[in-house]
Amino acid sequence: MSRPSAARRCPFSGFLNCLSSLFLNVRCCDVGWNTPLLPGAMFIGFTGTPLLKADKTTSIETFGSFIHTYKFDEAVADGVVLDLRYEARNIDQALTSHAQVDQWFDVKTQGMTDLTKAELKKRWGTMQKVVSAEPRSKRIVQDVLLDMELRPRLMDARGNAMLVGSSIYQACKFYEMFVQAGFKGKVAIVTSYVPSASDIAKEDGGHGATENLHQYEIYRQMLADYFDEPADKAVLRVEEFEKDVKRRFKEEPGQMRLLIVVDKLLTGFDAPSATYLYIDKKMRDHGLFQAICRVNRLDGDDKEYGYIVDYQDLFNSLEGAITDYTSGALDGYEKKDIEGLLKNRTVQERKDLDEALERIRALCEPVAPPKETLQYQHYFCAKNAGDPDQLKKNEPKRVELYKSVSSLVRAFGVIANDLVAAGYTDHQAASIKKEVTHYVAVRDEVKLGAGENVDFKQFEAGMRFLLDTYIQAGNSEVVANFEDVGLVELIVNQGMAALDVLPPGIKKNKDAAAETIVNNVRKTIVDEHAMNPKYYETMSSLLDALIEQRREQAIEYKEYLEGLIALATKVGTKESDTVYPEWAKNGAQKALVDFGWADTTTVIQLDAAINVSKPHDWVGNKMKEKVVAIAIRKVIPTDFDRFDELFDLVRARDEYR
């Protein structure tokens, strides 16, 4: 395995330690490699959740292949961690007055160029800003408070919960609402934020409190209330506060019942466990999987599951994250996966930088000599200073300039420390750095000349007021709950009528209704896949084909919906188009047939061997499982190489239990 440079951080979050198998040198990757490695030393990394997918390159470059994996589903089966229960909730939002919103915006942005108006809209017209509107946040707080009175382990104060917000500002607003609802002393915010006067020195320009000002005041008040002392003193005790609320959260769940977080406490082996995780933040892959593992830890005999309550429609991401950590995504990489990765990546990074430089040079080539501030102003802004018509005419040029400089800065930042390694000479590297600095200065000067270097903080309080006032929120509705009866089961029993159970906000939106069915069908396929892999792989391919048809608009919505419901019914009743032999009566026997055998006699012998050998209550008992495994091996061919997959299938079938 290659040794990472001193500056490189360990690509595995939650890393425990690194052990040299030859020289007892112990170092933790999270703190860097600060001692020379002895020749021939081999370092082994232990991690809870290795980075996957896009991060695979970094992981295998640094550590090489996996020696052994212990997957999530295996840990659940062994009773090391708990299984999860997932519930998706939706809070419908609606804009109450389009005319007043437009009128407010037009008044507030008088005198702005169209480009600056577009930038302001871009900053505030994001999904994160919309879902952070106060009415919606209040609905989430009401949900959590109600669950505290009704849900297992919350109602008797034996369990606790974490609420994940999308920003520190939202976390602070959540906290303020819980306190106003009488939860003071039972809720706390734990983030990386430390309120400092220097952070808000330029925030109040007479246009109202910004988000930074709000979070500064709320955080200070929380600390002052907790320590019962003036905020100026309490703010110096942030570390003490965090340590104490974490302790109380673990040891006194009936008192410290809820922690509000953003990123902190969602990763790391020392992060506290909880029973419920409420998620109101877009998350994916490694980060999402580590977050849900806050609630799957054992912490009492009465804890049977970890509960995920999702307000951000994360089902597809959640399904993907769990699939990654229960499937072949953790299998060892071959040598060919590692060869050439560093070289290929550097080649691509150089190509990106060269293309970005070529783009900005071509854009600025028509600027008149000597290409100084005045000439750039004339070309990108106006030859006649302040001429509104010329400013408008040259707007497309400025848009391209701003985008090109941003692309250049990104491309340069990726490779800045490796310019020589990428093949540039020292002289070329110095020249590129100088050129990047020059174009950044040009952009800033052009923005100033066009009046587009606006301080958007002056609009922040007004834009927040606009969202909080005009975007209203309906009651929280359960979109999907997989604790009892799922949507697929309802479709099996009720057909098209099952759509009536969908919340109004989804039912009236045909795409949302179709997506809900798709998500539920996929969930059932994932859950049932072990029962008969071949059948459910077929179901999955049918589902993907339907979605692709819909994407290409080759079928009308009604026909598409009917196809989805027919597929859901088929999945729910575990039907198959396969023609089975007469002896295959039950689902277990059919699953064995689907497994694929050259000789049907083997399947019959296999079924008989399992039924004859299986002891009572054998699944989960390693000694009893060994008896069944031996019986199976006596029947199957000696060169059979799918034993583990077959044995997992046998264990999954109720007929063989």
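Start with the crossing of helices α27 and α28, which is right-handed in this predicted model. To see the pair, select residues 622-635 for α27 and residues 643-652 for α28. Two packed helices are described by the angle between their axes and the distance between the axes. Here the axes come within 11 Å and cross at roughly 125°. That angle makes α27 oblique to α28, because angles from 65 to 115 degrees would count as roughly perpendicular and those over 145 as roughly antiparallel.

Now show the side chains where the two helices meet. On α27, pick E625, V628, A629, I632 and R633. On α28, pick F643, L646, F647, V650 and R651. What classes of residue make the contact of α27 with α28? Colour them by class and you will find seven nonpolar, three charged and no polar residues.

Stay on α27 and centre the view on V628, which lies in this helix. Is V628 buried or exposed? Its relative accessibility is 0%, so V628 counts as buried. Look for what surrounds V628: leaving aside residues up to four places away in sequence, V628 touches S613, K614, P615, W618 and F647. You can also draw a distance from the C-alpha atom of V628 to that of V612, which gives 9.0 Å. Those two residues are 16 apart along the chain.

Next, move to helix α25 by selecting residues 587-595. The buried residues of α25 are A588, Q589, A591, L592, D594 and F595. Step just past the end of α25 to G596, where phi takes a positive value of about 95°.

The next stops are about backbone angles. Most residues other than glycine have a negative phi, and most peptide bonds are trans. With that in mind, try three places in turn.

- Select A157, in the loop between α6 (134-150) and β5 (161-164). Phi of A157 is near 65°, a positive value in a residue other than glycine. A157 counts as partly exposed because its relative accessibility is 27%, and the partly exposed class runs between 20% and 50%.
- Select D228, in the loop between α8 (211-227) and α9 (231-234). Phi of D228 is also positive, near 55°. At 72% relative accessibility, D228 counts as exposed.
- Select P369 and P370 together, and look at the peptide bond that joins them: this bond is cis, with omega near 5°. P370 lies in the loop between α14 (341-364) and α15 (373-380).

Now turn to a strand. Select residues 84-95, which form β4, and find E87 within the strand. Which residue's side chain does the side chain of E87 meet in a polar contact? Show R151 as well, and you will see a polar contact of 2.9 Å between the two side chains. E87 is buried, with a relative accessible area of 3%.

Finally, zoom out until the whole chain is in view. The protein has 28 helices and ten strands. How many of its 657 residues count as buried, as a percentage? The figure is 45%. Take one last look at how the chain meets itself: among contacts between residues at least 6 apart in sequence, 71% join residues at least 24 apart.

Note on methods: Residues are numbered from 1 along each chain as its sequence is written. This is a predicted model: local features need pLDDT of at least 70, side-chain atom pairs count only at pLDDT 80 or more; totals for chains, interfaces and linings use all residues. Side-chain values use heavy atoms; hydrogens and water are left out. Helices (H or I, at least four residues) and strands (E, at least two) are DSSP runs, numbered from the N terminus. Buried means under 20% relative accessible area, exposed over 50%, partly exposed in between (1.4 Å probe, protein chains only). A polar contact is a pair of N or O atoms within 3.5 Å; within protein, one must be able to donate a hydrogen and the other to accept it, and residues adjacent in sequence count only if both atoms are side-chain atoms. Axes are lines fitted to C-alpha atoms, for helices over the stretch in contact, and angles run from 0 to 180 degrees between N-to-C directions. Angles under 35 degrees count as roughly parallel, over 145 as roughly antiparallel, 65 to 115 as roughly perpendicular and the rest as oblique. A crossing is left-handed if the near helix is turned anticlockwise from the far one by less than a right angle, and right-handed if clockwise. Contact means heavy atoms within 4.5 Å. Ala, Val, Leu, Ile, Met, Phe, Trp, Tyr, Cys and Pro count as nonpolar, Asp, Glu, Lys and Arg as charged, and the others, Gly among them, as polar.
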